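Open the structure in your viewer with the sequence panel beside it. This tour goes from the whole chain to single residues and says what to select at each stop.

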Amino acid sequence: MAKKPVIGLLGGGQLGRMAQEAAGPLGIEIVVLDAADCPFRQVSHNAKHVAGSFNDPDKIRELATKCDILTVEIEHVNTEILEEIATRGVTLSTGEVKKVPVHPSWETIRLIQDKYLQKEHFLQAGIPVAPQIAISAGTLTRESLSEVAESFGFPFMLKARKGSYDGRGNFEVRSTDDFDEAILAMGKLQLYAEKFVAFEKELAVMVVRTENDEGTLRNVHAYPAVQTIHEDSVCTKVFYPPRQVPADVSEKAKSIAANVVRTLKGRGIFAVEMFLLQDGSIVVNEVAPRPHNSGHLFIEAIPYMSQFKAHIYSILDIFPSSIKLTPRVSAAIMLNILGGASEDSHENLVGMTSSLYDEHMDVFLHLYGKVSKPGRKIGHITVTSYTPDTPLEQLAAPLIKQVNDIRQDRLDKASAQIRPSNAAPSSTSSRNKTNPLVIVTMGSDSDLPVLKAAFEVFEAFDVPYDFTITSAHRTPHRMVELGQSAAARGVRVLIAAAGGAAHLPGMLASETVLPVIGVPVKATHLDGQDSLLSIVQMPRGCPVATVGINNSTNAALLAVRILGCSDQKYGQAMAKYMKNMSDEVVTKAAKLEELGWEEYLAASSGLGKR
């Protein structure tokens with residue numbers, strides 16, 4: 001009997017882990033290149049494991065010497081090295097040179113890495129995609145943006161050609177007011193502009209591609225279409241069948257996805273993500289050359305051929321040509337478990353999976369062995385139903401609610417920093433429109449949740465304050481008026497919050513002699529780093545005191561300290577607040593030393609020692 005080929009996998013995260021869970025029972029060996037403690041290693045202790053970065057050329061070559069075929073967990077890999085291994089080979093310890101095939105093809109991975117070229121490729125094949133325009137790196141100007149607006153109208157999308165995922169690297173340009181922010185946020189990247197697509201739903205189809213060793217296409221096999229729900233630029237839920245989507249539209253999505261994959265090279269499974277438009281038409285958004293989040297529910301919905309088993313069978317060229325990828329359930333929902341505000345935020349959700357059973361519903365839990373961090377994918381739950389009479393979304397409502405609650409709590413606490421809880425709050429609001437000592441301004445009302453923490457600080461310290469909205473770009477006259485009149489009104493400190501280009505704090509500082517404290521606001525792109533750098537890098541002679549991203553608590557506390565320099569009332573209140581913080585730490589230290597860490601943690605969680 002011929003020896004089964006060994007699969008080499010670049011990346012050992014949750015996708016690699018689930019691939020191993022599919023390969024193990026089949027007696028198929030997978031060797032991974034990734035960190036020594038990656039999730040894959042928790043389910044396989046293969047002695048051939050290569051510890052290191054899956055973008056390290058030498059490590060990739062080392063992996064290639066230990067396997068018969070290479071595949072990838074993520075498309076952001078070094079395709080030059082993959083091309084070298086597939087076409088010229090690697091040198092073994094014996095001196096022999098061995099070529100190792102790469103599936104999907106390194107050519108396909110390279111094409112998909114550049115989203116602009118990917119869509120140009122599909123366009124030439126007659127695949128429906130949104131109109132797009134290439135923008136060379138470093139050429140993003142107001143003039144070039146005006147040309148795009150002339151072609152596409154507003155809004156339109158700016159997208160990074162390479163390296164983006166989960167919605168990152170995208171910027172929506174809604175009007176000329178966004179030009180400066182877009183240039184600051186995206187100007188150094190290789191970009192393309194895309195006509196804005198007003199879609200109704202996002203659909204996805206997993207497609208298996210098979211070919212012979214000469215690269216001739218054998219067949220493509222499409223899984224059923226699913227609907228994906230994205231929140232905060234991350235997929236949170238997947239529904240099969242898509243909700244309120246006619247069956248013929250789902251079949252059309254399958255057909256388009258199959259045609260997309262026919263144009264590519266290599267064996268394996270591909271995720272084709274699409275937009276369903278208001279008129280019922282479909283355009284392709286992007287493709288992933290690997291197992292994908294949108295296909296996880298088929299582990300249970302099509303148990304005889306999960307996407308991971310299909311990928312393994314395809315790249316080994318043993319995929320059954322006559323197979324029908326027909327679900328054995330009437331409906332399925334996949335819920336991503338994303339890290340919450342605290343490390344244990346997901347525990348209630350996980351606990352529900354062992355108790356939430358119904359004769360019409362099955363619940364399956366998958367955890368990835370990752371440490372929970374806010375927004376991190378740490379697992380998923382699949383819910384299936386065999387009876388179409390009761391809507392599965394209704395049966396799974398408690399799980400869906402818990403997922404939504406974790407997200408909301410994460411969002412609420414993202415902008416909430418340590419509150420001055422030890423300062424006695426005033427019985428009435430300290431807001432004072434007539435004679436404020438501090439004025440807080442923001443570039444948009446969307447910044448208001450971030451500034452809520454600052455308002456609570458001022459209420460706790462009984463600081464007269466007021467707030468307003470001014471934009472450095474849209475209402476510069478209001479900003480100038482605020483800056484020039486503040487000192488004369490008796491205002492002592494100004495706080496300005498802004499995201500993206502974040503010009504407001506610096507421009508306000510140029511119009512006043514008062515101290516200005518800038519609060520960088522985290523936007524959907526660059527995670528607020530652009531805002532932070534824009535505020536903190538003011539030119540010599542025009543300083544702005546800058547706090548951390550979304551940290552309006554520190555902005556307000558700094559304002560109280562400034563007031564305390566000349567007003568004994570606030571100086572004493574700040575001293576009391578600082579002493580209370582110190583006393584709290586000492587008390588906690590004493591309690592920890594007395595109880596020990598196990599009992600301390602149990603007491604803190606309210607569970608008691610068990």
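**The whole chain**

Begin with the cartoon view, in which the chain shows 20 helices and 24 strands. The radius of gyration is 28 Å, close to the 25 Å that the globule rule gives for 610 residues, so the chain is as compact as a globular protein of that length. Keep in mind that this is a predicted model.

Turn the C-alpha trace along its principal axes: the span is about 90 × 65 × 60 Å. Then switch on the surface. The chain exposes about 27700 Å², and carbon and sulfur atoms supply 52% of that area. Of the 610 residues, 51% count as buried. Among the contacts with a separation of 6 or more, 67% are between residues 24 or more positions apart.

**Helix 1 and its cover**

Select residues 14-23, which form helix 1. How many of the residues of helix 1 are buried? The count is 9 of 10, and the helix is mostly covered. The buried residues are Gln14, Leu15, Gly16, Arg17, Met18, Ala19, Gln20, Ala22 and Ala23.

To see what covers them, add the strands first: strand 1 (7-10), strand 2 (30-34), strand 18 (362-367) and strand 19 (377-385) are part of the cover. Helix 9 (298-301) and helix 10 also belong to it.

**Helix 1 against helix 10**

Now keep helix 1 on screen and select helix 10, residues 307-315. Two packed helices are described by the angle between their axes and the distance between the axes. Here the axes come within 8 Å and cross at roughly 75°. Angles from 65 to 115 degrees count as roughly perpendicular, which makes helix 1 roughly perpendicular to helix 10.

Show side chains for the residues that make this contact. On helix 1 they are Leu15, Met18, Ala19, Ala22 and Ala23; on helix 10 they are Phe308, Lys309 and Ile312. By class, the contact has 7 nonpolar, no polar and 1 charged residues. An α-helix has 3.6 residues a turn, so residues three or four places apart point the same way.

**Three buried residues**

Go next to Val173, in strand 9 (residues 170-173). Val173 has a relative accessible area of 0% and is buried. Select the residues in contact with Val173, leaving aside its neighbours within four places in sequence: Phe154, Pro155, Phe156, Leu158, Asp178, Phe179 and Ala182. Phe154 is 19 residues from Val173 along the chain, and their C-alpha atoms are separated by 7.0 Å.

Move to Leu264, in the loop between helix 8 (247-262) and strand 15 (268-277). Is Leu264 buried or exposed? Leu264 counts as buried, at 3% relative accessibility. Residues up to four places away in sequence are not counted in the contacts of Leu264, which are Thr108, Leu111, Ile112, His121, Phe122, Arg209, Phe270 and Val287. Draw a distance from Leu264 to Ile112: the two are 152 residues apart along the chain, with 9.6 Å between their C-alpha atoms.

The third stop is Thr210, in strand 11 (residues 199-211). Thr210 is buried as well, with a relative accessible area of 6%. With residues up to four places away in sequence not counted, Thr210 touches Leu217, Arg218, Asn219, Arg267, Ser314 and Phe319.

**Backbone details**

Finish with the backbone atoms. Most residues other than glycine have a negative phi, and most peptide bonds are trans. The following places are exceptions to look up.

- Select His103 and Pro104: a cis peptide bond joins them, with omega about -5°. Pro104 is in the loop between strand 6 (97-98) and helix 4 (106-113).
- Select Tyr240 and Pro241: the peptide bond from Tyr240 to Pro241 is cis, with omega near -10°. Pro241 is in the loop between strand 14 (234-240) and helix 8.
- Stay in the loop between strand 14 and helix 8 and select Gln244. Gln244 has a positive phi of about 55° although it is not a glycine. Gln244 is exposed, with a relative accessible area of 71%.
- Select Asp232, in the loop between strand 13 (226-231) and strand 14. Phi of Asp232 is positive, near 55°. Asp232 is partly exposed, at 42% relative accessible area.

Methods
Residues numbered from 1 in each chain as written. Predicted model: local features only at pLDDT ≥ 70, side-chain atom pairs only at ≥ 80, totals over all residues. Heavy atoms only, no water. Axes fitted to C-alpha atoms, helices over the stretch in contact; angles between N-to-C directions. Helix = DSSP H or I, 4+ residues; strand = E, 2+ residues; numbered from the N terminus. Parallel < 35°, antiparallel > 145°, perpendicular 65-115°, else oblique. Contact = heavy atoms within 4.5 Å. Nonpolar A, V, L, I, M, F, W, Y, C, P; charged D, E, K, R; others polar. Rg over C-alpha atoms; globule rule 2.2 N^0.38 Å. Buried < 20%, exposed > 50% of the residue type's maximum accessible area, 1.4 Å probe, protein only. Areas by Shrake-Rupley, 256 points an atom, 1.4 Å probe, with all protein chains shown as cover.
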